[in-house]
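Good morning, and thank you for making time for this presentation. I shall go through one structure, beginning with its charged pairs and then turning to the fold and the cysteines.

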Amino acid sequence: MNQVLAPDPEHIAISKSRGITIDWKDGHRSKYSAAYLRDECPCASCTGAHGTEPQKTNYASPSANPFQMYKPALRMDSVEEVGSYAIRIRWNDGHGTGIYSWEHLRRICQCSECRKTG
């Protein structure tokens, strides 16, 4: 986990079907696939906050069931800024309560540099 306490993005590139790339002010670059972002939703329902059972998704892992009913490809319907500290993503699967803070996004960075320090 990266130990940056208050990361700030310098530039954010959004592809609603592929994901998000963030260039941070400290020179770091993070890339997140749409599936990974959906699976890492920080909302109370997905994380099991308030003592509820976590409702985690598993979009980033290939399905082991070849007979699963067809689901449309995951994509972001919208991405909006929340104050100056986060973004909210509304998904085409109907979910839209997750607020992804800059700190959360930096913490879940999957690059080799961040995985070494985590």
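A salt bridge, as the term is used here, is a side-chain nitrogen of Lys or Arg within 4 Å of a carboxyl oxygen of Asp or Glu. Please keep in mind throughout that the model is a predicted one.

By that criterion R90 forms a salt bridge with E80, and the closest N and O atoms are 4.0 Å apart. R90 belongs to strand β5 and E80 to strand β4, residues 76-82, so this pair ties together parts that are 10 residues apart in sequence. Both partners fall in the intermediate class of accessibility: R90 is partly exposed, at a relative accessible area of 35%, and E80 is partly exposed as well, at 31%. The pair also belongs to a wider arrangement, since a network of salt bridges links E80, R88 and R90.

Let me stay with this region for a moment and consider V79. This residue lies in strand β4 and is partly exposed, with a relative accessible area of 23%. Which residues does V79 contact, once its neighbours within four places in sequence are left aside? They are I14, I87, R88 and I89. R88 thus appears both among the contacts of V79 and in the salt-bridge network. As for R90, its C-alpha is 6.5 Å from that of V79, and the two residues are 11 apart in sequence.

How many salt bridges does the structure hold? The count is six, and I should like to describe two further examples.

The side chains of D93 and R38 meet in a salt bridge, at 2.9 Å from N to O. This pair links distant parts of the chain, 55 residues apart: D93 sits in the loop between β5 (86-91) and β6 (99-101), while R38 sits in helix α1, residues 34-39. Is each partner buried or exposed? D93 is partly exposed, with a relative accessible area of 33%. R38, by contrast, counts as buried, because its relative accessibility is 6% and the limit for burial is under 20%.

The other example lies within a single helix. R107 forms a salt bridge with E103, with 3.4 Å between the closest N and O atoms. The two are four residues apart in helix α3, residues 102-107, and so are separated by about one helical turn. R107 counts as partly exposed at 36% relative accessibility, and E103 counts as partly exposed at 40%.

I now turn to the fold. The protein chain has four helices and six strands. Along the sequence they follow the pattern β-β-β-α-α-β-β-β-α-α.

One open sheet consists of three strands in the order β1-β2-β3, with antiparallel pairing. Its edges are β1 (9-15) and β3 (29-33); each has a single partner strand, so one side of each is left without a neighbour in the sheet. From one strand to the next, the twist averages 10 degrees. Between β1 and β2, residues 19-24, there are six bridges, and these two strands run antiparallel. Within that pairing, S15 has G19 of β2 as its bridge partner.

Some values for the chain as a whole may be useful. Of its 118 residues, 36% count as buried. The accessible surface comes to about 7500 Å², of which carbon and sulfur atoms account for 50%. Among contacts between residues at least 6 apart in sequence, 41% join residues at least 24 apart.

Finally, the cysteines. A disulfide is a covalent bond between the sulfur atoms of two cysteines. The criterion applied here is a pair of cysteine sulfur atoms within 2.5 Å, and by this rule the count comes to zero disulfides. C43 is in no disulfide, the nearest cysteine sulfur being that of C46, 3.6 Å away. C43 counts as buried, at 6% relative accessibility.

Why is C114 not bonded to C111? The closest cysteine sulfur to that of C114 is in C111, at 3.6 Å, which is too far for a bond. C114 is likewise buried, with a relative accessible area of 3%.

That concludes the presentation, and I thank you for your attention.

Terms used. Residues are numbered from 1 along each chain as its sequence is written. This is a predicted model: local features need pLDDT of at least 70, side-chain atom pairs count only at pLDDT 80 or more; totals for chains, interfaces and linings use all residues. Side-chain values use heavy atoms; hydrogens and water are left out. Two strands pair if DSSP finds at least two bridges between them. Axes are lines fitted to C-alpha atoms, for helices over the stretch in contact, and angles run from 0 to 180 degrees between N-to-C directions. Buried means under 20% relative accessible area, exposed over 50%, partly exposed in between (1.4 Å probe, protein chains only). Contact means heavy atoms within 4.5 Å. Accessible areas come from the Shrake-Rupley method with a 1.4 Å probe; for residues, only the protein chains shown count as cover.
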